[in-house]
Structures are given as C-alpha cells and as structure tokens.
Amino acid sequence: MRQSRYFLPTLREIPSEAEIPSHQLMLRAGMIRQLVSGIYTYLPLGYRVLRKVERIVREEMDRAGAQEVLLPAVQPASLWQESGRWEDYGKELLRFQDRHERPLVLGPTHEEVITDLVRQEVRSYRQLPMILYQIQTKFRDEVRPRFGVMRAREFVMKDAYSFDVDWEGLDRSYQAMYKAYESVLQRCGLRFRVVQADPGAIGGEGGSHEFMVLSEVGEDSLLVCPRCSYAANIEKARSKTPEYGSAGDVPPMERFLTPGARSIEDLKTRFGLNPETILKVLIYRVDDRYVAAVVRGDHEVNEVKLKRLLNARRVELADEETVRALTGTGFGSVGPFGLTMERVVDDAVAALPEGVAGGNEPDVHYRHVVPGRDFQWEKQGDIRTARAGEPCVECGGTLEMYRGIEVGHVFKLGTKYSEALSAVFLDEQGRQRTVVMGCYGIGVSRLVAAIVEQHHDDKGIVWPASVAPFHVHVIPVNIRDEQQRTTAEELYRQLTERGTEVLLDDRDERPGVKFNDADLIGVPVQVIVGKRASEGLVEWKWRRTGEVEVLSTEEAAERAAAIGSGE
C-alpha cells in the first residue's frame, strides 16, 4: 500500500475526549473516528487490525470444532419474553417497533436466537454435541460509554454456543472453548489471567470464567493468589473466613448511647470501637421485598454476591426514608434485632464471638452482642467484598489486587435457556431430554484496544507481528532523491510480489513527519532508505526496541519476506 494514497489521517495532538492510551493512540494513528457517543467508524488501518484479530479468533474457533453462522442483529421481543429476560436485561437493551408495531430489539447477545434455531432443527442425540459461533456487530445502550472502543455501545463480538446431551459433554465443550480463548490471547501477544467470575445478566447454573488482560486502566478488579492458581473477579472473589478464638462467657447485651454517630468511622474515632467488631446492617430492596444484610464494620456488602445468594433479579440499597419506616431509625443505628424482614448474615459475622450493633433507635447501640444468641438470621453466606492482603480461600496465601480488561467470558448455562425455550431432543432410549448449553463470548473490537494498552510507548503503538496492520514499513527519507525513490520502489515491488504486507511512505514530507508517523502507527519493522542507498545499503529498525542494523537491500528484502511468510 502506498501511503500517499492511503486514508490515514494521523493527529499530532492528543484529542481532549480521549482518557486512556488506547483511545488516544487509536484516534491519533487514524484507526477510528467517533460518529456519536460510543459508536465508531473503523478507518482502513484500524479495520486491517480488526480483521487480523478476527482471523485469529476464527482459526482458533474452527480448530476447536466450532462452526460459523451469522445470526440476525434484529430480534423479536417475543423470544426475550419467552426466556424471561425482557424485563431483567434493563435499559442496555435497545427496544423499538417496526412499521407493524411489532416489538423488536437490537441484539446485545444471542442466547435466545441461537436456542430458537436449535429447538427447531435438533431432534436427536445424534445431532449433538455441536458448537456454533458468529462474529457480529452488537449494540448495548451503555449508560456511560467511555474509553473509545473499550466500552462502546456498538462493538464487534464473537459469541459461541455449545449444545450437549449432558453435563459431562458440556464440560468437554467448555474446556475446548477455554483452551481456544487462551490460544487467541497468546497469539495476540497479551498478558492475561483467567479468573472465576459471576455470570451476570447471561445467567446459568454452572461455572463462569473471565479472561482478563492485565492493565492499569482496566475497569475490573482481580484478586490473585501468588502461591496457588486461585484468581477471581472482585464480584466473585472470596477470602478465608477469619477464625476467632473463644471469648469465653459473654455478658448480656448492654445498651449505651452514641449521640450523633452515623457511620462506622464515627463509632471508631469518637467512641474507640474497633470496626472489626461492629455489625453493620444495610437494608436492601430485593425484587419485591426488603432484606437486611449484616457484615462486619470494616467490610463492604458485595451486591453481586448478595443477589446471587438470594437468587434475585434486582438488588438496590434502600434510601434513609425507607430505612426509618422499616426499622424506626436512620443510618448509623440500624441493628439486626427485632426486624420484620429477612436477615442475611455474612460468614465473618456469624463467626464473631461478640460485637457491637445498632439499637434500632436513634443514637443507641448495644455491646456484647453475640450472633446466634442475641439475634437469628434466615440466610448465611459469603456476601462481602474480598480485599488484597486477606488470606486465600484455597491455600491461605496473601491475595494481591490487579486491574484487568475483560475481553472474554465463558459460561456453563446448563438448561437456563433450553428449558425456557423448550429446546429438547430424544436420547438413545427415545426419551425427551433438555439440551445442555454453554455460552462463550470474546470482544473482538475490545481486544484491539487491549492490545494497544499493553503494546505502546511514548511514541505510539508497537504492534505484535501477529496483528500488525502491515509487516514492514518502507520509508525513503527523501522521495525526491532518485536513488532513494528507486531503491524503495524496488523493495516495495519485491515484497508485494512475495506476499509481504508492506506500507511504502512515498509522501513528499519532511523526514521528521515520516518517522513520527511511522512510530505512531507502530508497524513492527521500518526499512529506512537514506543516503546510503547509493551503496546498496538500508537501515533495518525494530519498532519495539529501536535497534537499528545496516543491511544490504537484498538482505533487507529476504528478511522482510521471511516476516511476511511468518518465518
């Protein structure tokens, strides 16, 4: 490709709307342009990279035995109503009507559509197992799109779905997809961790893992144990429940005044109370009822865990007016006694020998409160957010915190969708059984941004060879110099004929402009044709290291051709 004819509008200044390196560099390198908030046009350079990533994803999906399909982007609301997600999915689901006033949605995901296809076509166990996948543009009406294509409303995604006769088959399909995802990220040159995760709006009855690209700008927090293999998203992560020694005989509860104390910090600084011994009670609206969640004062309620434990659709913290109506007091003095609602107690609270709790009247607390003696509860479990520095639930090692970009998520759906949509088959004995499903998503456009986040320096992008838009960038320093122009053109001709993807900077620009643009767009190798072209010599520069070698034009051509062929 000749750069003089290539639509490559690079920018010198950092766009004001770009907050993170990948967004800044994708705009500056002429890869993308914003149409409206969260919706981007891919320019030729960006689209070349996107197609490279798509090719890797396709190759690994095909290698794992998956078959590619293309499903409709527009879906009937009736399928979402049938699955039960019409009300649950929320405002991210873009809903509209056609000219006949039939309700439709613009697909954010395709569990319903693919299950409908299978229930119509699969009749026998002989047709299973099967994995179907697609690479398609999705739309989710994000409340706050940000970070460029990292969190966009319109994005390219690969979603795959497995269909098996039983859970053992699902385990095999799941492992095949898990390994394929590892291969995709490795081939894209990414450093990543696979973590246990909550299935979120997709749901499901089995395991779930997220594939996280490590990055300081990642929106997800991960807890990782350096001693063993344990790793989990903060929404799912657990730490070992503290073990307390016996406190012996604990005296009866004792009422005491705490005027003006409205927070754990107030109780600590003004009354000398240890937050670890305070019972913090938070009132939540859970679907159509209210629930009191009880955690230690130094812990935070993990609403995702609470929602999962209660098998709820929605969990929302109650406002102070509601709390007063339900408990008789406002924030800061709510206790676990005498409540008319369900109480959910965290494991760490249940293990406490004694603590301090609100008295359900203003400015009053009780000390010597013993869980199980002085108050009971309807449900117990891990409902708190684990933290770095706490002991690993698996081996006792010290958990460490990392930031990550979620680029892939795999789920064991089980029969969540197949049961709701009646996707069944006949087994060997002629009995009707429900298909067991898995779901596997990977953000293709998000992968591009994640690669840029991990592969850039202060000059621009540094593409891994596997996804680079071009293999080689040929740069004649002075295009008006006949020898330089002739040498560069000959290199370009030879490499193009041998299948090497080469970009020739044939623009009549100053050397500084050419070199700055070359570093910005980040092609792995720059072949610089300068004054020594008359001697048959060129400079070979590795973009990643900046290392420069002087080679003959023949050596440069051979080496560049080898890169193009993948050698």
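Author: Quick definition before we start: a residue is called buried when its relative accessible area is under 20%. Keep in mind that this is a predicted model.

Reader: Okay, then how many residues of helix α11 are buried?
Author: Helix α11 covers residues 444-454 and is mostly covered. The buried list includes V444, L447 and I451, but also R446, E453 and Q454. Out of its eleven residues, the buried count is eleven.

Reader: Is T137 buried, partly exposed or exposed?
Author: T137 sits in strand β7, residues 130-139. Buried would need under 20% relative accessible area and exposed over 50%. T137 has 39%, so it falls in between and counts as partly exposed.

Reader: How far apart in space are T137 and V444, C-alpha to C-alpha?
Author: V444 is one of the buried residues of α11, while T137 belongs to β7. In sequence, T137 and V444 are 307 residues apart. In space, their C-alpha atoms are separated by 9.7 Å.

Reader: Let's go inside. Which helix gives the most to the largest nonpolar core?
Author: That core has 63 residues, and M31, M61, L185, F211 and W463 touch the most other members. The top contributor, with eight residues, spans 167-187. That's helix α5.

Reader: And which domains does this core lie between?
Author: The chain is divided into three domains: domain 1 (3-237 + 401-452), domain 2 (254-381) and domain 3 (470-564). Two of them both give residues to the core, so it lies between them: domain 1 and domain 3.

Reader: Which residues with numbers above 400 does F211 touch?
Author: F211 is among the core residues that touch the most other members. Leaving out residues up to four places away in sequence, F211 touches Y178, Y181, E182, L185, F192, R193 and V194. Further along the chain, F211 also touches I405, E406, V407, G408 and V410.

Reader: How far apart are the C-alpha centres of domain 2 and domain 3?
Author: For scale, the C-alpha trace spans about 95 × 65 × 50 Å along its principal axes. Domain 2 runs over 254-381 and domain 3 over 470-564. Their C-alpha centres lie apart by 68 Å.

Reader: Charges next, since I'd want them for electrostatics. How far apart are the mean positions of the positive and negative charges?
Author: The chain carries 75 positive and 88 negative charges. Take the mean position of each set, and the separation comes out at 1 Å.

Reader: Last one: what share of the accessible surface belongs to carbon and sulfur atoms?
Author: Of the 567 residues, 53% count as buried. The accessible surface comes to about 25,500 Å². Carbon and sulfur atoms account for 46%.

How values were computed
Residues numbered from 1 in each chain as written. Predicted model: local features only at pLDDT ≥ 70, side-chain atom pairs only at ≥ 80, totals over all residues. Heavy atoms only, no water. Core = buried A, V, L, I, M, F, W, Y, C linked by side-chain atoms within 4.5 Å. Buried < 20%, exposed > 50% of the residue type's maximum accessible area, 1.4 Å probe, protein only. Helix = DSSP H or I, 4+ residues; strand = E, 2+ residues; numbered from the N terminus. Domains from an automatic or database assignment. Contact = heavy atoms within 4.5 Å. Areas by Shrake-Rupley, 256 points an atom, 1.4 Å probe, with all protein chains shown as cover. Lys, Arg positive; Asp, Glu negative; His and termini not counted. Charge placed at Lys NZ, Arg CZ, Asp CG, Glu CD.
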